[in-house]
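Visitor: I am new to reading protein models, and I would like to go through this one slowly with you. Could we look at it together, one question at a time?

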Amino acid sequence: MAPPPARVFAELVPVPPTPAPTPAPAGRGSPPAPPGREVHVSGSAELSAGPDRARVSLRLGSRKGAAGAARSSVSRRLEYIAQSARQRGVPVCIIFSDFGKMQNVCNLLTEKLGTSVTISPPHFYHTPEAVDTLRRQVCVAAVGNTRRKAQEVCRLFGQSLGKPLLIREEETKEWGGHIDSQLPNSSDSLTLQERIQNATAYASCRVFAVFEIKGKENRRNKLL
């Protein structure tokens, strides 16, 4: 999904009358830019992140002449499931971080155990760490977009962008995605990719920033 166009506001504040500048000491470079020369910019970004975990539920059943024999049969099948998962590097609790391995294990169990095992459709979700990562990434992306817009505004007036004086996060939004505690409510007819798409999380962020205007743009930097 393409990010919404960023809003750009530029304000070149007239420089108030100031006394004659004091010569800078030797070796200290040129004096700083006069106060009041600022560019005000608002920008935004939108990112998405697919689920990083999947949970699969298994239900085992066995019909035997005696209860003890049925329990023994179910135990053997359960051990086979755990062994199959271990051999393929999958946690025995059947929480998957590799969706390809998840699909392979489920196919194998269905093939080997037949109707004695019922495998639920996978429930895809995000760990708290994945959600936090998405929030940080979208904020950093919005700040980066804002800075690039400020640079473009300054270049339009032949100016050079200076240091940031203010960066404020104005609005953040999150939608979509699943967490572990949410129960799946999608149709069993959905494909694997459709389930992953339904569980994809989205986040947007809008920031406001004020940057210093250093002065005339360096010609060498402009050529670069």
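Visitor: Over how many bridges do β1 and β8 pair?

Guide: Before counting, please keep in mind that this is a predicted model. Strands of a sheet pair through backbone hydrogen bonds, either parallel or antiparallel. Here Ser48 stands opposite Tyr202 in β8, and the pairing of β1 with β8 is antiparallel, with a count of 12 bridges.

Visitor: Which residue is the bridge partner of Arg168 in β8?

Guide: The strands β7 and β8 run antiparallel and are joined by 14 bridges. Looking along β8 for the partner of Arg168, we arrive at Phe208.

Visitor: How many of the 16 residues of β8 are buried?

Guide: A residue is called buried when its relative accessible area is under 20%. By that cut-off β8 is mostly covered, and the number of its buried residues is 13.

Visitor: How far apart are the end C-alpha atoms of helix α3?

Guide: Helix α3 holds 29 residues, 128-156, and at 1.5 Å a residue it should span 42 Å. The distance in the model agrees with this expected span, since the end C-alpha atoms are apart by 43 Å.

Visitor: Which strands do the buried residues of α3 pack against?

Guide: The buried residues of this helix include Val131, Leu134 and Val138, and also Cys154. The strands that these buried residues of α3 pack against are β1, β7 and β8.

Visitor: Which are the edge strands of the open sheet β4-β2-β6?

Guide: The three strands of this open sheet are paired antiparallel, in the order β4-β2-β6. Strands that pair on one side only are its edges, namely β4 and β6.

Terms used: Residues numbered from 1 in each chain as written. Predicted model: local features only at pLDDT ≥ 70, side-chain atom pairs only at ≥ 80, totals over all residues. Heavy atoms only, no water. Helix = DSSP H or I, 4+ residues; strand = E, 2+ residues; numbered from the N terminus. Expected span 1.5 Å × (residues − 1). Buried < 20%, exposed > 50% of the residue type's maximum accessible area, 1.4 Å probe, protein only. Contact = heavy atoms within 4.5 Å. Pairing = 2+ DSSP bridges.
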